[in-house]
Amino acid sequence: MSSPITSIGSSADPESASYQKRAAHYEALLQELREREAEIRKGGGERRMQREHDRGKLTARERIEALIDDPETFHEIGIFAGDGMYDEEGGCPAGGTVMGLGHVNGRRAVIVANDATVKAGAWFPITAKKNLRAQEIALENHVPIIYLVDSAGVFLPKQDEIFPDKDHFGRIFRNNAILSSRGIPQIAAIMGSCVAGGAYLPIMSDEAIIVNGTGSVFLAGPFLVKAAIGEEVDAETLGGATTHSEISGVTDYEADDDEDALQIIRNLMGHMGPEHRFGYSRNEPAPPAFAPDDIYGLFPDQGTSQYDMHEILARIVDADSWTEYKKGYGRSLLTGYARIDGWNVGIVANQRSVVRNRTSHENKGEIQVGGVIYADAADKAARFVMNCNQKEIPLVFFQDVTGFMVGKRAEHGGIIKDGAKMVNAVSNSTVPKFTVVMGNSYGAGNYAMCGRAYDPRLMLAWPTARIAVMGGTQASKVLKQIQVRKLEKQGKELSAEDEQELLDEIQNRYEEQTTPYYAAARLWVDAIIDPARTREWISAGIDTADLNPELPPFNAGVIQT
């Protein structure tokens, strides 16, 4: 009798034409990713970086590199934030903020650093969204957060998009208070300008450092003070290090320069109380059975192509750790237990190969298209998600989904009921969830497979990811028909050539909006990652989640059966 714990996958053939074609395609995508990241890391450019150095300051990235234990293990989040969104304003690389997870004096922390080379560190709407995301990560994982503050405040031309609403600028300070009330440490270093409402962020942190000569914090700067009350005062006297360290008592530590401030932060992290972990199960890590970079040659270069998801998982999970749940049922989804870098996880993954679903002993079953969620698969996934919550096992979702099955047979079979059951289970799941968008992420499939709206602790995308309400071909044809009918009502007739030109225009625009870069610019995903680093990212995510010792009880409420 065979063991339920089985090996998964098989050896790849690097010499095959299909493998080499796919690998070359993926290498080109990774090269584009590296080049785009490198451009963003330049911030506001060499001239503005030099200006910071001339002022005796480090840049945001230099500050983080000097602060953390090992720059190689820093997991940057939101590097593409704002990409292409503010070209009329001269751009806003990385949303004017560098943010991510790293270890400081042995303790994992969320680090947020204003980039003063980008519009003097001014806050664009995406900057606020990125900072709120950092605080969300700190809140849900109970991980300390460090702010390296150097900002001129709100970017006034966009003030209506950043100031008054629920998830705008004011939410930052509300979160400062909530983090403190929950005992989640916050340390802020004032390393440059800190003006107006932004002054509350470092001062509402548990401990604040100010750098002598370059750091300043005040509700109104010298020009506004002059305009408001006629008083003339320079920035240093108004809100510099001496003022707040020796007169007002607003700040707690005075630093000589950036390096000194960063060392004070490291010292404070060394004086933290004990870590309280939940204790998610972890064995000794083991490498996958096959090399992770095999994925480049196995993953299709076309979003419509079929492949066996078992082969991809075999390059991600620890060798000999896979135990598949309901293997013969609901086969358009794979569900199973595995270990990733030693961590015990439950996996829900779209199967992209064509499968058969047996309906009786007498027939071979109906053919099910890969990437589509059928009723039986949704039913299976809902049950598996509930099992993982019962066992307190983190969940990892691998998305390559075109949506739920449609049509008379699916509707008569209750696809909405079973889909609702899956969405319910994912929505109410309280164990840490992580989502990797490998390929397609369309429509309600995005939701059921734990899209951004369903609170994954990390939402990651491969360069091959596509996120949209439906596939580009279908959507473009629908949009074209709507536009044609609109023009016809206006008395305009289009030739076949005109219709094709219109379709091409719509399709190109729609395709651009489905790219992972478009999604990452808007923080629909946290990072675009090299598939070979998927294990590393998920492991770091679970280790971060483990810092929250609390796990609310799972309650599915009224569930469709």
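The sheet in this predicted model is open and has 7 strands, in the order β1-β2-β3-β4-β5-β6-β7. Their pairing is mixed. Look first at the two ends of that order: β1 (75-76) and β7 (253-255) stand at the edges, and each has a single partner strand, so one side of each is left without a neighbour in the sheet.

Now move inward to a pair of strands. Strand β4 covers residues 145-151 and strand β5 covers residues 186-194. The two run parallel and are joined by 6 bridges. You can pick out one of these partnerships yourself: valine 149 has isoleucine 190 in β5 as its bridge partner.

Next, find helix α4, residues 125-141, which packs on the sheet. Helix α4 touches three strands there: β2 (97-104), β3 (107-114) and β4. Compare directions and you will see that α4 makes an angle of about 20 degrees with β2.

Helix α4 also meets another helix, α5, made of residues 170-181. The axes of α4 and α5 come within 10 Å and cross at roughly 15 degrees. Angles under 35 degrees count as roughly parallel, and therefore α4 and α5 are roughly parallel to each other. Their crossing is left-handed.

Which residues make this contact? From α4 come Ala128, Asn131, Leu132, Gln135, Ala138 and Leu139, while α5 brings Arg171, Ile172, Asn175, Asn176, Ile178 and Leu179. Sorted by class, the contact of α4 with α5 has 7 nonpolar, 4 polar and 1 charged residues. Try finding them in the structure, starting with Ala128 on α4 and Arg171 on α5.

Technical notes:
Residues are numbered from 1 along each chain as its sequence is written. This is a predicted model: local features need pLDDT of at least 70, side-chain atom pairs count only at pLDDT 80 or more; totals for chains, interfaces and linings use all residues. Side-chain values use heavy atoms; hydrogens and water are left out. Two strands pair if DSSP finds at least two bridges between them. Helices (H or I, at least four residues) and strands (E, at least two) are DSSP runs, numbered from the N terminus. Contact means heavy atoms within 4.5 Å. Axes are lines fitted to C-alpha atoms, for helices over the stretch in contact, and angles run from 0 to 180 degrees between N-to-C directions. Angles under 35 degrees count as roughly parallel, over 145 as roughly antiparallel, 65 to 115 as roughly perpendicular and the rest as oblique. A crossing is left-handed if the near helix is turned anticlockwise from the far one by less than a right angle, and right-handed if clockwise. Ala, Val, Leu, Ile, Met, Phe, Trp, Tyr, Cys and Pro count as nonpolar, Asp, Glu, Lys and Arg as charged, and the others, Gly among them, as polar.
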